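Let's take a walk through this chain together, from the overall layout down to single side chains. Have the sequence and the 3D view at hand as you read.

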Amino acid sequence: MRTDRGWRRFYGAGWLLSAAAGAAAFAQWHAYVREVEQRAEEAERTRDEVARRRTVEERLRIARELHDSLTHSISVITVQAGVAAHLARKNGEEPSPALLAIQEASSEAVRELRSTLEVLRRDDDLPGNGLERLPALVERASSSGLPTTLTVRGAERPLPPDVDQAAYRVVQEALTNATRHAVDATATVEITYHPTSLTVRVDDDGIGSRQPPVPGYGLIGMRERVTALGGRLRAEPGPARGFSVVAELPVASP
């Protein structure tokens, strides 16, 4: 009896020791797993910080390159155009519309370049232009020899900054292309606000724009802007003459 009782005590102590050892091993394993998770989280944060730092450095490098290569040249154009207009007025002549268009376009280019540089030097991506600048853009296109009208349909409302900027850039690039390639053309810009989307349409009736679209940087940039927002872009010759650019951009319902 004593022997059996002794063995039972021995087995009981063994079970207690085994349970204690198992609990200690589990606690050790849990601590190890937690340490591994913390190391993984720290490594992920480090990678994100490194990627962010490299992105910021690249943006600053691009900003410096743009400033050094373009700002000076465009500023010289603006100054020279202003001097030419001043001399014409001083001689009792009215500056030519082409000269005034050059002066205005170069001034606008300087403003947009500075706005772009500010965006590149910031951590956020706030746009420098939106649809509120469309009237000035249309007026500038008209003064450059492309009579342009602007029509807004639907209930206007504030747009997300990225959609607002993308819509402006689509119109800007389409009018620029029409000015360059269309002959004896007029253009129309139509902005339509839908409940869940925004449609941007630019049409011209020039006789020199019947060629299929060449995938230059302007058209590629427009398509990238629109598709990055989940939208669609169509750029094609008109049924009889001219050229059409239509962008459909999704917008959250108000």
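What follows starts with the whole chain, moves on to the sheet and its helices, and ends with the charged pairs.

A word before we set out: this is a predicted model. The secondary structure comes to 5 helices and 5 strands. Reading from the N terminus, you will meet these elements in the order α-α-α-β-α-β-β-α-β-β. The chain has 254 residues, and buried ones make up 30% of them. About 16,400 Å² of the chain is exposed, with carbon and sulfur atoms supplying 57% of that area. If you look at contacts between residues at least 6 apart in sequence, 70% of them join residues at least 24 apart.

Let's begin with helix α1, which covers residues 2–90. Val-79 has its place in this helix. Together with Val-83 and Leu-87, Val-79 makes a nonpolar surface patch of about 240 Å².

Now turn to the sheet. In what order do its strands lie? The 5 strands form an open sheet with the order β1-β2-β3-β5-β4, and their pairing is mixed. The edges are held by β1 (148–153) and β4 (232–237); each has a single partner strand, so one side of each has no neighbour in the sheet. From one strand to the next, the twist averages 10 degrees.

The edge strand β4 deserves a slower look. Strand β5 spans residues 243–250, runs antiparallel to β4 and is joined to β4 by 6 bridges. Strands of a sheet pair through backbone hydrogen bonds, and they can do so in parallel or antiparallel fashion. To follow the register here, find Pro-237, which stands opposite Phe-243 in β5. Another facing pair is Arg-234 and Val-246, the latter in β5. The two strands β4 and β5 form a hairpin, with 5 residues between them. Within the turn, Gly-242 has a positive phi of about 80 degrees.

Which helices pack on this sheet? Helix α3, residues 134–143, is one of them, and it touches β1 and β2 (187–193). The direction of α3 makes about 155 degrees with that of β1. Helix α4, residues 161–181, also packs on the sheet, touching β1, β2, β3 (197–204) and β5. Compare its direction with that of β3, and you will find an angle of about 10 degrees.

While you are at α4, pick out Gln-172, which has its place in this helix. Is Gln-172 buried or exposed? Its relative accessibility is 16%, so Gln-172 counts as buried, the cut-off being under 20%. Neighbours within four places in sequence aside, Gln-172 is in contact with Glu-112 and Leu-137. Of these, Leu-137 falls within the 134–143 stretch of helix α3.

Let's finish with the charged side chains. Side chains of opposite charge can pair when their charged atoms come close. The structure holds 4 salt bridges, and we can visit several of them.

One joins Glu-190 and Arg-153, whose side chains meet at 3.2 Å, N to O. This pair links distant parts of the chain, with Glu-190 in strand β2, Arg-153 in strand β1, and their positions 37 residues apart in the count. Glu-190 is partly exposed, at a relative accessible area of 27%. Arg-153 is likewise partly exposed, at 43% relative accessibility.

Next, go back to the β4 and β5 hairpin. Arg-232 forms a salt bridge with Glu-248, and their closest N and O atoms are 2.5 Å apart. Here too distant parts of the chain are linked: Arg-232 lies in strand β4 and Glu-248 in strand β5, 16 residues apart. How accessible are the two partners? Arg-232 counts as exposed, with 58% relative accessibility, whereas Glu-248 is partly exposed, with a relative accessible area of 30%.

Arg-234, which you met opposite Val-246, takes part in a salt bridge as well. The partner of Arg-234 is Glu-236, and the closest N and O atoms are 3.0 Å apart. Arg-234 counts as partly exposed at 36% relative accessibility, and Glu-236 is partly exposed with a relative accessible area of 37%.

How values were computed
Residues are numbered from 1 along each chain as its sequence is written. Side-chain values use heavy atoms; hydrogens and water are left out. Two strands pair if DSSP finds at least two bridges between them. Helices (H or I, at least four residues) and strands (E, at least two) are DSSP runs, numbered from the N terminus. Axes are lines fitted to C-alpha atoms, for helices over the stretch in contact, and angles run from 0 to 180 degrees between N-to-C directions. Contact means heavy atoms within 4.5 Å. Patches are made of residues with over 30% relative accessible area and no salt bridge: like charges are joined within 9 Å, nonpolar side chains (Val, Leu, Ile, Met, Phe, Trp, Tyr) within 5 Å. Accessible areas come from the Shrake-Rupley method with a 1.4 Å probe; for residues, only the protein chains shown count as cover. Buried means under 20% relative accessible area, exposed over 50%, partly exposed in between (1.4 Å probe, protein chains only).
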